[in-house]
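This report describes how strands and helices are arranged in one structure, and it is best read with the model open alongside.

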Amino acid sequence: MNQRVVDVSQDARARAHIDEAKYQAWYEASIRDPEAFWREHGKRIDWFTPYAKVKETTFGPGDVSIKWFSDGVTNAAHNCIDRHLAARGNQVAIIWEGDDPSESRHITYRELHAEVCRMANVLRNRGVSKGDRVTIYLPMIPEAAFAMLACARLGAIHSVVFGGFSPDSLAGRIQGCDSKLVITADEGLRGGRKVPLKANVDAAIQRLPADSVDHVIVVRRTGGAVEMDPVRDVYYDAAAAQVTDECPVTHVEAEHPLFLLYTSGSTGQPKGVVHTTGGYLVYASMTHQYVFDYHEGDIYWCTADVGWVTGHSYILYGPLANGATTLMFEGIPTYPSISRFWEVVDKHKVNIFYTAPTAIRSLMGAGEEPVKKTSRKSLRVLGSVGEPINPEAWEWYYRVVGDQRCPIVDTWWQTETGGILITPLPGATPLKPGSATRPFFGVKPVVVDSDNKVLDGACEGNLCIDDSWPGQMRTVWGDHERFVQTYFSTFPGRYFSGDGCRRDADGYYWITGRVDDVINVSGHRMGTAEVESSLVAHPKVSEAAVVGYPHDIKGQGIYAYVTLMQGEEPSDALRKELVAWVRKDIGPIASPDLIQFAPGLPKTRSGKIMRRILRKIAEDEFSSLGDTSTLAEPAVVDDLIENRQNRT
Ligand code: WT7
């Protein structure tokens, strides 16, 4: 166990909103009387009608219902833009840094207001109104922010689909929420390479019933030639030229949905996670302020893509609700050089930098020089998110990137939680490399064993949360039963995260990773069932089982066991074909790293695949397979070991 403790620096302590004493006092108050705590902190956003009700939540058993501030009326775009105009209309809201280092753009709050109103008017002219779903399939360009905020302004519900998803995945997500309008770009640009977004949208729509999508709005990014349907498609610049830059804000109830975000689980197809307006915004903005110790004037950069929840909460909604300057980066860490992150930090004098362990690990490989040749003296706080950060990567991030000056906030949370739940606070929390440390205000983690028994003190088990917080997801779009089943049935009466964790004697939490059939590849969540169903859809595949295995850069890699149809022969060519198949079917993030052709899979006599054994073999730890006597055909295991792909 890593015992190193990195104490809070004098600098961090001196300027921090929250010191240790305040953390203890606020945390204790938030758990003792959540109603009073959140009644106070709910005021951090503007309300058109103030709330009288605060917390109306139950985790069952039985009914699960979550409402916060339910009689309050507000609007997220108003809170992220309009309310700042008087005091900071000329302050930069968004710094956009292009893929090409010669391209950047500064957008003030006043300009953001005009841009968002224009986009909202374009949507309104195409029939979008309160409650309608709009699918956004855009690269990391300012229009992605305009589009999300334009939806929020109208009370429409956005569903952002990451630009790396395939036409099939996009089609499923358009159909899943019946959106009639899609906003995309001609092409995306990442690391100098073009991504055919509009062509993907065309291919997605082709797979859907004819009346599914009425409008496609196409932002010009590269100017590349794309097919335009004369009735359905319009270029954004042409449409925007027809409308004004004023658009009234739609007043919405606190519990009106703000967005859907599809995410993978252990079973079935991705589900639409529903986040609502009031509680989400209170929680995203409050965590942004305290976790990153954000102060007026800070330049803040989160390197995530807006296609993931991190981009929603910590590029857009949290920072803008706080009137911050948020940096949005179109490119990748290694283009045009491996110093790009640090060059951008210096170029824009970034104070707070939030990235993923996978990025750190991939940069570590190139050594210190590409980092050390940059100044980075503007940096004050570093953040990590997406997967457990291994102590080696933590130390490198701390020493090489942060020059041992900057606290690292290792933030544990999920798409479902809306915002950060377990995290250090820069001026309060002594750090332990590899630990997400302690709960944020109002968050009540519990560790339970497989019988739902609460474990005390230092322990290891399943990480659950025992009471609601305002940023929590409210339901699965169109399927409340699935919401209850997925999160509240394994351990009745509690929210189950799907993660395992250890708690040490200091009450610090160490996330050990997923305990369900979800794998985390480069901080992106993938359901093994999704990859399996893609593989078995290939005509030569009869059966497939997918597990994760430790990967030096990605955290986890995708290991697929594939049984071929009778008469098909394993070959390297077929291996490549299967990788390409999954890539095309789901998207590059789902590409299997290793494929093992297996004549048979280990099954119990009742036909259930024993994944425990497959995981062990994939981890190259087959000496500890445990009991295999219950297998229908114990001999298949010998073949699996013999032909394993991951020999270390
Ligand atoms: C899963 C959620 C939350 C935004 C990004 C991912 C893992 C996330 C950490 C962390 C250890 C982490 C968990 C979680 N995870 N952050 N700091 N330490 N694990 O969102 O796609 O919903 O995935 O990511 O396993 O359950 P997501």
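## Strands β6 and β7 and their crossover

Strand β6 (residues 133-137) pairs with β7 in the parallel sense, and four bridges link the two; within this pairing, I136 has V160 of β7 as its bridge partner. Between the two strands the chain passes through α7, and the resulting β-α-β crossover is right-handed. These descriptions refer to a predicted model.

The side chains of β7 alternate in direction, with I157 and S159 pointing one way from the strand and H158 and V160 pointing the other way, and all of these residues are buried.

## The surroundings of β14

Strand β7 (residues 157-160) is also joined to β14, in this case by two bridges, and these strands run parallel. Along this pairing H158 stands opposite F259 of β14, while S159 stands opposite L260.

With strand β15 (residues 271-276), β14 pairs in the antiparallel sense, over six bridges. L260, which faces S159 of β7, has V274 as its bridge partner in β15. Is β14 itself buried or exposed? Seven of the seven residues of this strand (residues 257-263) are buried, and β14 is therefore largely enclosed by the rest of the structure.

## The seven-stranded open sheet

An open sheet with mixed pairing is formed by seven strands, which follow one another in the order β5-β4-β17-β16-β18-β19-β20. Its edge strands, each of which pairs on one side only, are β5 (104-108) and β20 (408-411). From one strand to the next, the twist averages 20°.

Within this sheet, strand β16 (residues 299-302) and strand β18 (residues 352-355) run parallel and are joined by three bridges; Y300 has I352 of β18 as its bridge partner.

## Helix α7 against the sheet

Helix α7 (residues 142-154), through which the chain crosses from β6 to β7, lies across β4 (92-97), β5 and β17 (325-329). The helix runs at about 30° to β5, which is one of the edge strands of the open sheet.

## Confidence of the prediction

The chain averages a pLDDT of 96, and 100% of the residues score at least 70. For the complex, the predictor gives an ipTM of 0.99 together with a pTM of 0.96. As a general caution, predicted coordinates should not be read in detail where pLDDT is low.

Conventions. Residues numbered from 1 in each chain as written. Predicted model: local features only at pLDDT ≥ 70, side-chain atom pairs only at ≥ 80, totals over all residues. Heavy atoms only, no water. Pairing = 2+ DSSP bridges. Axes fitted to C-alpha atoms, helices over the stretch in contact; angles between N-to-C directions. Contact = heavy atoms within 4.5 Å. pLDDT = per-residue confidence, 0-100. Buried < 20%, exposed > 50% of the residue type's maximum accessible area, 1.4 Å probe, protein only. Right-handed = clockwise from strand over helix to strand, strands pointing away.
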